[in-house]
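Please open the model in a viewer and keep the selection panel at hand. The tour proceeds from one selection to the next.

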There are 2 protein chains.
Amino acid sequence: MKLTILGCHSATPRIDANPTSQVLDIANHIFLIDCAEGTQIQLRKNKVKFSRIKHIFISHLHGDHFFGLVGLISTFRLLTREADLHIYAPKGLKEVITLQMKLAKSWTNYNVIFHELTSDKSKLIFEDDKVEVHTIPLNHRVYTNGFLFKEKEKERKLDVNKAISLNIDKAYFRKLKQGFDVTNEEGVLIKNIDVTKPGPKPKSFAFCSDTVYCELIIPIIKDVDILYHESTFLESHKHLAETTKHSTAKQAATIAKKANIGTLILGHYSTRYDDYELFIKEAKTVFDKVELAKDGKVFQF
Amino acid sequence: MKLTILGCHSATPRIDANPTSQVLDIANHIFLIDCAEGTQIQLRKNKVKFSRIKHIFISHLHGDHFFGLVGLISTFRLLTREADLHIYAPKGLKEVITLQMKLAKSWTNYNVIFHELTSDKSKLIFEDDKVEVHTIPLNHRVYTNGFLFKEKEKERKLDVNKAISLNIDKAYFRKLKQGFDVTNEEGVLIKNIDVTKPGPKPKSFAFCSDTVYCELIIPIIKDVDILYHESTFLESHKHLAETTKHSTAKQAATIAKKANIGTLILGHYSTRYDDYELFIKEAKTVFDKVELAKDGKVFQF
C-alpha cells in the first residue's frame with residue numbers, strides 16, 4: 001500500500017502549496033482521492049500514469065477538493081482514453097461536469113460513470129475480490145464523506161512440501177489457501193491449520209477531510225493502519241475550527257487514539273501557519289505515531 | 001503597454017506548459033485575458049497583484065481557456081475582495097460559475113458582473129476615458145471572440161513656456177491639451193497647433209485565439225500595434241488546422257500582413273511540436289516582425 005500526497009493544503013493553490021489530492025496504490029488499484037486545481041500537474045510531477053486511474057473519490061464540493069476534476073476529465077479525452085471512469089462524489093458534481101462538457105461541445109469518448117453519494121450512513125461503494133471502499137460520513141459545512149479503503153482477507157500461505165508429504169492432491173491446494181480442511185488421497189481429513197499459515201495482514205487506509213471533530217467516525221475507522229485526518233488549525237485557533245467545521249491537530253490525534261489506529265497523517269493546514277512542526281508537536285501530546293503530509297511525499301506501508 | 005504571457009500552449013496543463021492566459025497592462029488597467037487551469041499560480045509567479053484585476057475577458061468555453069476562472073473567483077473571496085469583478089464571456093459561463101458557488105455554499109462577498117457575449121458582430125464592451133475594448137468575432141468550433149484593446153487619443157503636449165509668452169491664461173491650458181484653439185489675454189486667437197505637439201501615439205493590442213484563418217477580422221484589427229494570433233499548427237498540418245478550426249503560423253502571418261499590424265506574437269502551440277523556432281521561421285516567409293509567445297515572457301511596448 002502506497003499513499004502519495006499530491007496536495008495537502010487548504011484554501012487556494014499557491015506556488016508551493018497544492019490543495020487536497022492524494023493517490024492511493026492498493027490491491028492493484030490507483031485510487032485518486034479528491035482533485036483540486038493543479039492535480040494534473042501534480043500527477044505528472046509524481047509520475048502517476050493517467051491511464052491507471054479508473055476510480056476517483058471526491059469528498060465534498062468545496063473548490064479546494066474538486067476544481068481540478070473537469071480538467072482531468074478533459075485531458076483523459078485528449079489522451080484518447082477508452083476505459084470507463086468511475087467518480088464517487090456528492091450529488092451535484094455530475095451537473096457541474098456535464099454542463100461544462102456541453103458548453104465546450106466536447107463529450108468524452110469514454111464512459112464517465114457518476115456514483116452520486118447522498119447517504120449520511122457509511123456505505124460500501126466499491127468492491128472487488130481484493131478491496132472494499134466505504135464512505136465515512138463527516139461533519140462539515142457542506143455534505144462530506146471520508147473514504148475507508150480496506151484490503152480483503154488475503155489467501156493463507158500453503159506449506160507445499162508438507163501438503164505433498166501428507167499426500168494431498170494438488171487440486172485441493174486452492175481450497176487450502178482459502179482456509180478449508182481437505183481430505184488426502186487415503187481419505188484422511190487434513191486440518192487446514194496443519195499445512196497453512198495466515199496470509200499477509202490486509203491493510204487499510206482512512207481519509208477524513210474536511211470535518212469538525214466527530215466521534216461518530218470512530219467505529220467506522222476502528223483499527224485502520226493509516227488515518228489521514230485533516231488538522232486545519234492548532235488548538236490556539238480551536239474557536240475557528242468550530243465555526244468553520246474543521247479540526248485541530250489535537251482533535252485529529254484524539255480520534256486516532258480512540259479509534260486505535262496505526263499511524264496518523266496530518267494535513268489540510270491553514271495558510272496562517274508557517275511552522276508545520278507545531279502540528280506534530282500538538283498531536284503528539286495525545287498520540288505518538290504521527291506524520292505530517294507534505295506535497296509530493298510518499299508513504300509506503 | 002505591457003503584455004505578460006501566463007500561458008500560451010494548447011490543450012492540457014503540463015509541468016512546463018500552461019494553457020492560455022495573458023495579462024495586459026494598459027491605461028492603468030490590468031486586464032486578464034482567458035483563464036486556464038493554473039492561472040492563479042501563474043499570476044503569483046509573475047507577481048501580478050490579484051486586487052488590480054477588475055476585468056476578465058474569456059474568449060470561448062473550451063477548458064484550456066477558462067477552467068481556472070472558478071478557482072480564481074473563489075480565491076478572490078478568500079482574500080476578502082470587495083471590488084466588483086467584471087467578466088466578459090460567452091453565454092453559459094455564468095451558469096457554470098454560479099452552479100459551483102451554489103454547491104459549495106460559498107457566495108462571493110463582492111459583486112461578480114457577467115457581461116454575456118452573444119453577438120457575431122464586433123461590439124464595444126468596455127470603455128472609460130483612456131481605453132476601449134471591442135470584441136473580434138472569431139471562427140472556431142464553439143462561439144468565440146477575440147478582443148481588441150485600444151488606448152484613446154491622448155492629450156496633446158503643451159509648450160508651457162510658449163503659452164505663457166503668448167500671454168494665454170493658465171485656465172485655458174487644459175483646453176489646449178484637448179486640441180482647442182483659445183483666445184489670449186489681449187483677445188487674440190491662438191491656434192492650438194502653434195503651442196502644442198501631438199501626444200504620444202495611442203497603443204493597441206488584439207488578441208485572436210482560437211480561430212481558423214478568417215479574413216473577416218482584418219478590418220477590425222487593421223493597423224494595431226500588436227497582434228497575438230494563435231498558430232496551433234504549422235503548414236505541414238494545415239488539414240488539421242482546417243478540421244479543428246485552428247490556424248497555422250503562415251496563416252497568422254498572412255492576417256498580420258493584410259491587416260498591416262506592427263508586431264505579431266504567435267502562440268497556442270499544439271503539443272505535437274517541440275521546436276517552436278519552426279513557427280517563427282514559417283511566419284517570417286510572409287511577415288517579418290514576428291515574436292514567439294512563451295510562458296512568463298513579458299512584451300513591453
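The stops below cover the domains, the sheets and the contact between the chains.

This is a predicted model, in which local features need pLDDT of at least 70 and side-chain atom pairs count only at pLDDT 80 or more, while totals for chains, interfaces and linings use all residues. Residues are numbered from 1 along each chain as its sequence is written, and chains are lettered from A and ligands numbered from 1 in the order in which they are written.

**Stop 1: the domains of chain A**

Select residues 2-154 together with 200-300 of chain A, which form domain 1, and then residues 157-197, which form domain 2. These bounds come from an automatic or database domain assignment. The C-alpha centres of the two domains of chain A are 43 Å apart.

**Stop 2: a sheet in chain A**

Next, colour the strands of domain 1 of chain A. Helices (H or I, at least four residues) and strands (E, at least two) are DSSP runs numbered from the N terminus, and two strands pair if DSSP finds at least two bridges between them. An open sheet of seven strands in chain A follows the order β6-β5-β4-β3-β2-β1-β18, and its pairing is mixed. At its edges are β6 (112-117) and β18 (298-300) of chain A, each paired on one side only. Strand β1 (residues 2-7) of chain A runs antiparallel to β18(A), with three bridges between them; here A:K2 is opposite A:Q300.

**Stop 3: parallel strands in chain B**

Move to chain B and select strands β4 (residues 53-57) and β5 (residues 85-90), which pair in the parallel sense over three bridges. B:F57 is placed opposite B:Y88 of β5(B). Add strand β6 (residues 112-117) of chain B, which is parallel to β5(B) and joined to that strand by six bridges. B:A89 has B:E116 of β6(B) as its bridge partner. With α4(B) included, β5(B) and β6(B) complete a right-handed β-α-β unit: with the strands pointing away from the viewer, the path from the first strand over the helix to the second runs clockwise.

**Stop 4: where the chains meet**

Show both chains. In chain B, 31 residues are in contact with 31 residues of chain A, contact being counted if C-beta atoms, placed from the backbone, lie within 7 Å. On the chain B side, α1 (39-45), α3 (69-78) and α4 (93-103) each give two or more residues.

Now select α4 (residues 93-103) of chain A with α4(B): the two helices pack at about 175 degrees, with axes 10 Å apart. Axes are lines fitted to C-alpha atoms, for helices over the stretch in contact, and angles run from 0 to 180 degrees between N-to-C directions. α4(A) is therefore roughly antiparallel to α4(B), a term for angles over 145 degrees. Which residues of α4(A) meet α4(B)? They are A:E95, A:V96, A:L99, A:Q100 and A:L103, and they meet B:E95, B:V96, B:L99, B:Q100 and B:L103.

**Stop 5: a second sheet, in chain B**

Finally, select the open sheet of seven strands in chain B with the order β7-β8-β9-β14-β15-β16-β17 and mixed pairing. Its edge strands are β7 (124-127) and β17 (290-292) of chain B. Within this chain, β15 (residues 226-230) and β16 (residues 263-267) run parallel and are joined by five bridges, and B:H229 is opposite B:L266. Helix α11 (residues 277-284) of chain B packs on the sheet and touches β16 and β17 of chain B, its direction making about 165 degrees with that of β17(B).

How values were computed:
Two residues are in contact if their C-beta atoms, placed from the backbone, lie within 7 Å. Angles under 35 degrees count as roughly parallel, over 145 as roughly antiparallel, 65 to 115 as roughly perpendicular and the rest as oblique.
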